[in-house]
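Thank you all for making time this morning. I would like to walk you through one structure, slowly, and I will explain the terms as they come up.

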Amino acid sequence: MTEPLYRLADATLVEPLVQDFQAWWMTVAPMPASLHLQAYLVPLLKAYLQTPDFHAKAAKDPMLSGSSFVGVPQERADEVRALLQRITVQQGERLKLAEAFDEFQNQLLAEAKGQSLEPLYSRLPDVLKGKVELVYDYVNRPSMRVHEGLLYRGPHHQTDIQSLRLRRLKADAERDSLLTTPRLRGPGQVDWKVPFHDERLDRLFSLDIEPRPLGWIRDVLGDAVASDAELLPLLSEAPQALPETWTGATPRVRYVGHACVLVEWKGKSVLIDAVVPVRPEEQGPLPRISFAQLPRRIDYVLITHSHPDHLDIETLLRLRQRIGTLVVPRSSGALAGDYSPRLLARSLGFRDVLEPYFYESLPLPDGEIIAAPFMGEHGDVAHAKTAWIVRTGPERLFFAADSMCVDEVTYRDLRATVGDLHTVFMNTEIEGAPHTWMLEGFFPKKRDRKLEKNRRCRGSNSAEGLRILELVGARRLFNYAMGLEPWMEHIIGPAATPETPRMKESERLLAAARERGLQAERLQGAQEVHLRA
Ligand SMILES: [Fe+2]
Ligand SMILES: [Fe+2]
């Protein structure tokens, strides 16, 4: 009798965690994670412990979506207290780094008025020495430039608190906010203490494309599973066939949901803003593409920016062994918050990571990938972000993500330089969060609330969107990245309804685009994207 072979069950979710909080750049990249821990997560957990019941209820209230509430039921408050204790001890070095950064930044602002910064190096706190360069901008505003690469090689890059949590997902709604709620372990869940870069992850996730015997899987997970009984519910014997490589003469475009799109062309596959759901036991009516419906090999994954609805560490780790090259936006490194997605990706175990400058091109057969400016959406704060153009023969697809038309000339230049962008993918998120949202760690403690009202991280409204379409010579619009899929709710909150402002704006943009003769559709849930002539 042949041994049964197992893959990961459709409903098996594997969450990468940093000391029980889900991994995203603000919990992984050393300096941002340190500042975020000190300014946001620790105060948040303390606030929860004051009024756990209030937090637990508020976290479930859709009207309060985007607010800072911990969704842990009151009866588990003691576990949160213990977690806070562990964080304070195990991430003590990160907290010290953040305190020193904060304090020295205030000293700099008070004292550095354009005179030489040289004498200040001797006053740097020990924890910052060697890790920062003191610089002015051209109008004598001082700041610290962080040697990020060094931090990934020292105690502030804490792979010892990284782990994977394996569990069966009953429904998408089971997932609490990624930003605010720690993942306390529940029954039937497996905790695997493993650094994200470890190659054993590739072995585990190879099960998505190649089933293996139980003993082989037990070997990979080692002590993390106590018995077969614990492991078997996470596995499935049911066979599944991966899709054939697309070799067609026209591009095949499949929408995975939110901002995630798969383009296949002449044997190559390109996945943009990879956020891929599992199939929970109750998955609802919306079609979905999960890991087994993606190509065995994904030649390029392109990331537009670090908002966690676009850069999803959970998906990236699961796909890592199938990805050829990970292409990320380039940061300037001038601000602590303008961290390097490339260094982050390297720390996640990706070997082949590119960060092209705007207008640089990567070759595809009879095509190319071009890095393009991604304007707006970050409250006028410098951050790594890139829109992507994928050219397949004469056809150009423009993935504008959450771009906003702040400067028409950008788009006019883009068209003049690379040609008409026939197909545009863009959202109409007209509200957006304040510029400081989730970035509290980088801003002074006392903030100007008026500015927060004024500077929003928003995308284009219908008029601005229409202008982009006109300027780039678009024939097709796909309105996407609208937060309409239930599997995005733990990242961006409740799905939009027809009454949500961004949806009303979407209707206006679609109508205006159709009036001008464009093919204009809003995408929702997995679907084939047909490019009409
Ligand atoms: Fe965004
Ligand atoms: Fe987005």
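**A sheet, two irons and two cores**

Let me start with strand 6, residues 162-168, which pairs with strand 7 in the antiparallel sense over 4 bridges; two strands count as paired if DSSP finds at least two bridges between them. Helices (H or I, at least four residues) and strands (E, at least two) are DSSP runs, numbered from the N terminus. Before going further, I should say that this is a predicted model, in which local features need pLDDT of at least 70 and side-chain atom pairs count only at pLDDT 80 or more, while totals for chains, interfaces and linings use all residues. Residues are numbered from 1 along each chain as its sequence is written, chains are lettered from A and ligands numbered from 1 in the order in which they are written, and side-chain values use heavy atoms, with hydrogens and water left out.

Within that pair of strands, Arg165 stands opposite Asp191 in strand 7. The wider arrangement is an open sheet of 4 strands in the order 3-2-6-7, with antiparallel pairing, and its edges are strand 3 and strand 7 (190-193), each of which pairs on one side only.

Strand 2 pairs with strand 6 over 7 bridges, in the antiparallel sense, and there Val18 is opposite Gln162 of strand 6. With strand 3, strand 2 makes 2 antiparallel bridges, and Leu17 has Gln22 as its bridge partner in strand 3. Is strand 2 enclosed by the rest of the structure, or is it open, is what one might ask next, and which of its residues are buried? Here 7 of the 7 residues of strand 2 are buried, so the strand is largely enclosed by the rest of the structure; buried means under 20% relative accessible area, exposed means over 50%, and partly exposed lies in between, with a 1.4 Å probe and protein chains only. Both faces are covered, with Thr12, Val14, Pro16 and Val18 buried on one side and Leu13, Glu15 and Leu17 buried on the other.

The loop between strand 2 (12-18) and strand 3 (21-22) holds Gln19, which takes a positive phi near 40 degrees in a hairpin with 2 residues between the strands. Gln19 counts as buried at 6% relative accessibility. Leaving aside neighbours within four places in sequence, Gln19 is in contact (heavy atoms within 4.5 Å) with residues including Leu83, Arg86 and Ile161.

Let me turn to the metals. The iron ion (ligand 2) is coordinated by Asp309 (OD), His310 (NE2) and Asp402 (OD), at 2.1 to 2.3 Å. Donors are N, O and S atoms within 2.8 Å of the metal (3.2 Å for Na, K and Ca), and since water is not among the atoms, sites may look incomplete. Asp309 lies in the loop between strand 12 (298-302) and helix 10 (313-319), and Asp402 in the loop between strand 18 (395-401) and helix 12 (408-418), so the pair ties together parts that are 93 residues apart in sequence. Asp309 is buried, at 10% relative accessible area, and Asp402 is buried at 4%.

The iron ion (ligand 1) is coordinated by His305 (NE2), His307 (ND1), Glu377 (through OE, listed twice) and Asp402 (OD), at 2.2 to 2.5 Å. Its donors follow the spacing H-x1-H-x69-E-x24-D along the chain. His307 counts as partly exposed, at 23% relative accessibility. The two iron ions, ligand 1 and ligand 2, are 3.4 Å apart, and Asp402 coordinates both.

As for the interior, a nonpolar core is a set of buried Ala, Val, Leu, Ile, Met, Phe, Trp, Tyr and Cys residues joined through side-chain atoms within 4.5 Å. The largest such core has 110 residues, of which Leu128, Trp192, Leu271 and Leu344 touch the most other members, and its largest share, 10 residues, comes from helix 2 (residues 30-50). A second, separate core of 52 residues includes Tyr255, Val418, Tyr480 and Ala481.

Finally, Asn479 is found in strand 22 (residues 476-479) and is buried, with a relative accessible area of 0%. The side chains of Asn479 and Ser506 are joined by a polar contact of 2.6 Å, a term that covers a pair of N or O atoms within 3.5 Å where, within protein, one must be able to donate a hydrogen and the other to accept it, and where residues adjacent in sequence count only if both atoms are side-chain atoms.
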